[in-house]
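Visitor: I would like to understand the labels people put on residues and helices in a model like this one. Could you take me through the reasoning behind them?

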Amino acid sequence: MSFLFDHFVHVVNDPQIAMERCKELGIHAVQGGRHENLGTYNALSYFGLSYIEFIDVFSEQLANEAAKVNHGLIKSVLDEKEEGAVRVALRSKDLQADTERFASLGFEVNGPTLGQTEV
């Protein structure tokens with residue numbers, strides 16, 4: 001089992017403002033996409049293959065529906081009342097095997113699920 005840092009999820013009130021703040025600090029950030037089925041949208045700041053995701057909700061109705069089907073990230077975003085860090089994501093070379101191993105150790109495992117962004 002080997003993991004690498006993939007991305008850091010940071011809830012913001014507006015991804016556009018997060019991009020502007022990054023620019024002021026000399027950090028490159030770009031508009032991400034809209035997760036149409038999840039009710040969220042983001043901006044991204046890449047560091048090689050890893051990145052920071054600045055995420056916000058554009059539709060509470062869609063986000064609440066997504067959170068009902070064990071989508072932990074969306075629930076975290078909805079529950080966060082202030083801007084701040086909510087999650088660190090790790091990259092795996094064998095996600096299915098790692099998922100099975102965590103489940104066998106008694107951890108609650110949701111997914112893997114397909115993440116898809118429409119830009």
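Visitor: Let me start with Ala29: why is Ala29 called buried, or is it exposed?

Guide: Happy to help, and please keep in mind that this is a predicted model. Ala29 has a relative accessible area of 14%. Buried means under 20%, so Ala29, at 14%, is called buried.

Visitor: Where is Ala29, and what is it in contact with?

Guide: Ala29 sits in the loop between H1 and E2. Leaving aside its neighbours within four places in sequence, Ala29 is in contact with Met19, Cys22, Leu44 and Ser45. Ala29 and Ala18 are 11 residues apart in sequence, and their C-alpha atoms are 8.3 Å apart in space.

Visitor: Which residues of H1 are buried?

Guide: In helix H1, residues 15-24, the buried ones are Pro15, Ala18, Met19 and Cys22.

Visitor: How do you know on which side of H1 they lie?

Guide: They cover an arc of only 100° around the axis, which means that they are on the same side of H1. The face turned away from that buried side carries the exposed residues Lys23 and Glu24. As for partners, the buried residues of H1 pack against strand E2 (30-35), strand E3 (40-47) and E4.

Visitor: What about H2: which of its residues are buried?

Guide: In H2 these are Ala63, Ala66 and Ala67. Looking down the axis of H2, you find them within an arc of 100°, so they line one face of the helix. Gln61 and Lys68 are exposed on the other side of H2. The buried residues of H2 pack against E4 and H3.

Visitor: Which residues make up the largest nonpolar core?

Guide: The largest nonpolar core has 11 residues, and Ala63, Ala66 and Ala67 of H2 are among them. The others are Val9, Val11, Ile55, Val57, Leu73, Ile74, Val77 and Leu78. Two or more residues each come from strand E1 (3-11), E4, helix H2 (60-68) and H3. H3 gives the largest share of this core, 4 residues.

Visitor: What lies apart from this core?

Guide: Another core lies apart from it, with 7 residues, including Val12, Ala18, Met19 and Phe54.

Visitor: And what does Leu73 touch?

Guide: Not counting residues up to four places away in sequence, Leu73 touches Val9, Val86 and Arg87.

Visitor: Let me try a strand residue. What makes Gly32 count as buried or exposed?

Guide: Gly32 has 8% relative accessibility. The cut-off for buried is under 20%, so Gly32 counts as buried. Gly32 is found in strand E2, and its C-alpha atom is separated by 9.1 Å from that of Ile55, 23 residues apart along the chain.

Visitor: Then how do you know what to call Leu4?

Guide: Leu4 has a relative accessible area of 47%. Exposed needs over 50% and buried needs under 20%, so Leu4 falls in between and is called partly exposed. Leu4 is in strand E1. Not counting residues up to four places away in sequence, Leu4 touches Ala89, Leu90 and Arg91. Leu4 and Leu90 are 86 residues apart along the chain, yet their C-alpha atoms are separated by 5.5 Å.

Visitor: What about Val88: why does it get its label?

Guide: Val88 has 48% relative accessibility. Since exposed means over 50% and buried under 20%, Val88 counts as partly exposed. Val88 is in strand E5, residues 84-92. Not counting residues up to four places away in sequence, Val88 touches Phe5, His7 and Phe8. Val88 and Ile55 are 33 residues apart in sequence and 13 Å apart in space, C-alpha to C-alpha.

Visitor: One more: what lines the second largest pocket?

Guide: Among the lining residues are Val11, Val12, Asn13, Asp56, Val57 and Glu60. Strand E4 (50-57) and helix H3 (72-79) are the elements that give two or more residues to the lining. The volume of this second largest pocket is about 200 Å³.

Visitor: How many of the lining residues are nonpolar, polar and charged?

Guide: The lining of the second largest pocket divides into 5 nonpolar, 1 polar and 6 charged residues.

Terms used
Residues numbered from 1 in each chain as written. Predicted model: local features only at pLDDT ≥ 70, side-chain atom pairs only at ≥ 80, totals over all residues. Heavy atoms only, no water. 1 Å grid on protein atoms, 1.4 Å probe; cavity = no way out; pocket = protein on both sides within 12 Å on 5 of 7 lines; lining within 4 Å. Points joined across faces, edges and corners; volume = space filled by probe spheres on them. Nonpolar A, V, L, I, M, F, W, Y, C, P; charged D, E, K, R; others polar. Core = buried A, V, L, I, M, F, W, Y, C linked by side-chain atoms within 4.5 Å. Buried < 20%, exposed > 50% of the residue type's maximum accessible area, 1.4 Å probe, protein only. Contact = heavy atoms within 4.5 Å. Arc of directions from axis to C-beta.
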